[in-house]
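Trainee: Could you take me through one part of this model in detail? I would like to look closely at a helix and its surroundings, and then at how the chains meet.

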2 protein chains.
Amino acid sequence: MPINQQIVLDNRPVGDAVASNFKLLSSPTPELKDGEVLVKHHYLSLDPYMRGRMNDSKSYAAAQALGEVMIGGTVGEVVATKSAKYAVGDKVVGMGGWQEYGVASDSVMGMLRKVDTAHIPLSAYLGAVGMPGVTAWYGLMKICNPKAGETVCVTAASGAVGSAVGVLAKARGCRVVGIAGGKDKCDYVVNVLGFDACIDYKEHTDGKALNKALKEAAPNGIDCYFENVGGWIMDTVLLRMNAFGRMAICGMIAGYNGAPLPLANPALILVNRLKIEGFIVSEHMEVWPEALKELGTLVATKKLNVRESIAEGIAAAPEAFLGLLKGKNFGKQLVKLV
Amino acid sequence: MPINQQIVLDNRPVGDAVASNFKLLSSPTPELKDGEVLVKHHYLSLDPYMRGRMNDSKSYAAAQALGEVMIGGTVGEVVATKSAKYAVGDKVVGMGGWQEYGVASDSVMGMLRKVDTAHIPLSAYLGAVGMPGVTAWYGLMKICNPKAGETVCVTAASGAVGSAVGVLAKARGCRVVGIAGGKDKCDYVVNVLGFDACIDYKEHTDGKALNKALKEAAPNGIDCYFENVGGWIMDTVLLRMNAFGRMAICGMIAGYNGAPLPLANPALILVNRLKIEGFIVSEHMEVWPEALKELGTLVATKKLNVRESIAEGIAAAPEAFLGLLKGKNFGKQLVKLV
């Protein structure tokens, strides 16, 4: 039995999450039961939603149990099988968690999915052709529903979700304005992803400066807003929303450590007859096939080039995750395990 | 020519609106041109949206011009006509403004509508069978879309809009919880309108007390919220919203004087995957026939008994309006002009 290194949640954060909330354990992989497969993980996905799971408070998902392996998306290769549905060597995507090996049962729908790596790199199934990509697709198509010529704004624009939002919106003939932290990220958003403009919130550090920059980048106002961060940036974008604007609320990373995150001017929802909707992509599995088809084509044809930040080895996962929460990653944050 | 007393906006409010923002003028009614009718107003409607028009700021409607007759809905009787479409004696509803007589042209679509007063009192066309009623219908049906068994909460529950929201929701098999200011209003909401419960915000004067009262009145949480007031009441209701809840934002009267009105916890939009939408009923004329049909039936069959607060004479309009903004009215606020 190979030895499996795992990261469990040892204790819950008080305020900011810290490295000591996690603990590294190791144990042999278990004997497989009938219908099970053993997957050697190649990559672990790190995503902001995991921060919410670390709290023991009411959220959209059950809290992560203490002492259990942290939840997380994984891609890898089947290395042992007692299932007729999977062969050794199959490349698969699943929710294997923060560990080197995962055991999955073929009787649980959707837990493990075979993927084609001929045209799409394996790691993309954790990003543009996975949960982040479908998140972008759902929020943009089902909530924002932008028309050609409208202006779409997205925060965390260089991230896995934001990148896909922008490329999908450009494909629909929209003007696309990103907001990201740092010149490098903004350059990538404009030059590689093809956004029309990107505003560096580290250069425009208050509402007044950001408002001015948004006026220039979105001279016709903003029709659609895809929100990943919340806080003062959301307040400022709200000032620039056009009548009948739509806002897809995907994340509010600014408030994940428990700090108060009031919205300054909700009256604008009425004044501008806005539609605002929060969503979680895992509750909309019905769109996955349609979304993955478009996203897969965009990736295979190199129109959607999601940057990756890659940490090495399972022991590096906690620090990489804490960095993600602070925006230290550049693009999709992964942990390489092989 | 009869003398027409009119109230114009003399100057704009700084903070709270005050009586000296208005001025009473009088002049003879003008000579009618071809296609025009002269309407003697029986009732003027006073509505919270008028406060927004008094400001010179960006809002959903053009600001009320200084020196012009205040905008407002009216019902009355045709007393002179140069139109083949209207006869003297016709009862009509229109937007005649804060004045005793109005001139309307029959070439402007929707400016004047003949109404049947055999089964429905004339004043109801300014309330349950008029703009407030259709406002309730649109927000409830097109945004909240409640299912039987769900819980609907509405603020300003004894007002013209709130009354209709509750009765329409009860007709759809919902549990209906009102929020209103004072025991008299709450008694009326429960005993006359038939709400399941009504919470007096003057008895429960902070978020903690209101939250507790809401827990008791809505033990299964709140699925639909029809918002007329904003502020701390909205913050508190938000805490009690169920997953996939819908919020129709119709008014935020608490912020109409320009005071900051932040929303404490917008992250709940994401946590509970809420849908929030602001709307103005005048932008949805397509629903009026369907809405008025149901509302007219509810009024004619006495199932929707909207209370009326009636001020006497056009000179009383400003004080009645200022009282409305402070919740001093009980039900639909009208000014009787004949």
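Mentor: Happily; we will start with one helix, move to its neighbourhood, and finish at the interface.

A word on conventions: this is a predicted model, in which local features need pLDDT of at least 70 and side-chain atom pairs count only at pLDDT 80 or more, while totals for chains, interfaces and linings use all residues. Residues are numbered from 1 along each chain as its sequence is written, and chains are lettered from A and ligands numbered from 1 in the order in which they are written.

Let us begin with helix 8 of chain A, residues 288-300. Helices (H or I, at least four residues) and strands (E, at least two) are DSSP runs, numbered from the N terminus. Helix 8 of chain A has 13 residues and reaches 17 Å from its first C-alpha to its last, close to the 18 Å expected at 1.5 Å a residue; the expected span is 1.5 Å times one less than the number of residues. Its buried residues are Trp288(A), Ala291(A), Leu295(A), Gly296(A), Leu298(A) and Val299(A). Seen down the axis of helix 8 of chain A, these buried residues fall within an arc of 160°, so they line one face of the helix. Here the arc is that of the directions from the helix axis to the C-beta atoms. A residue is buried if 20 or more other C-beta atoms lie within 10 Å of its own, exposed if 12 or fewer, and partly exposed in between, with C-beta atoms placed from the backbone. Pro289(A) and Lys293(A), on the other side of helix 8 of chain A, are exposed. The cover over the buried residues includes helix 2 (131-144) and helix 3 (160-171) of chain A. After helix 8 of chain A comes Lys302(A), with a positive phi near 65°.

Now compare helix 5 (residues 207-217) of chain A, where Leu210(A), Ala213(A), Leu214(A) and Ala217(A) are buried. They cover an arc of only 100° around the axis, which puts them on the same side of helix 5 of chain A. Lys208(A), Lys215(A) and Glu216(A) are exposed on the other side of this helix. The buried residues of helix 5 of chain A pack against strand 9, strand 10 (197-200) and helix 6 (232-239) of chain A.

That leads us to strand 9 (residues 175-180) of chain A, where six of six residues are buried. Arg175(A), Val177(A) and Ile179(A) point one way from the strand, and Val176(A), Gly178(A) and Ala180(A) the other way. Strand 8 (residues 151-155) of chain A runs parallel to strand 9 of chain A and is joined to it by five bridges; two strands pair if DSSP finds at least two bridges between them. Opposite Gly178(A) in strand 9 of chain A stands Val154(A).

Finally, the interface: 26 residues of chain B are in contact with 26 residues of chain A, contact meaning that the C-beta atoms, placed from the backbone, lie within 7 Å. Helix 7 (267-271) and strand 13 (275-278) of chain B each supply at least two residues of the side of chain B that touches chain A. Strand 13 of chain A and strand 13 of chain B run antiparallel, joined by three bridges, and Lys275(A) has Glu277(B) as its bridge partner.

Definitions and conventions
Contact = placed C-beta atoms within 7 Å.
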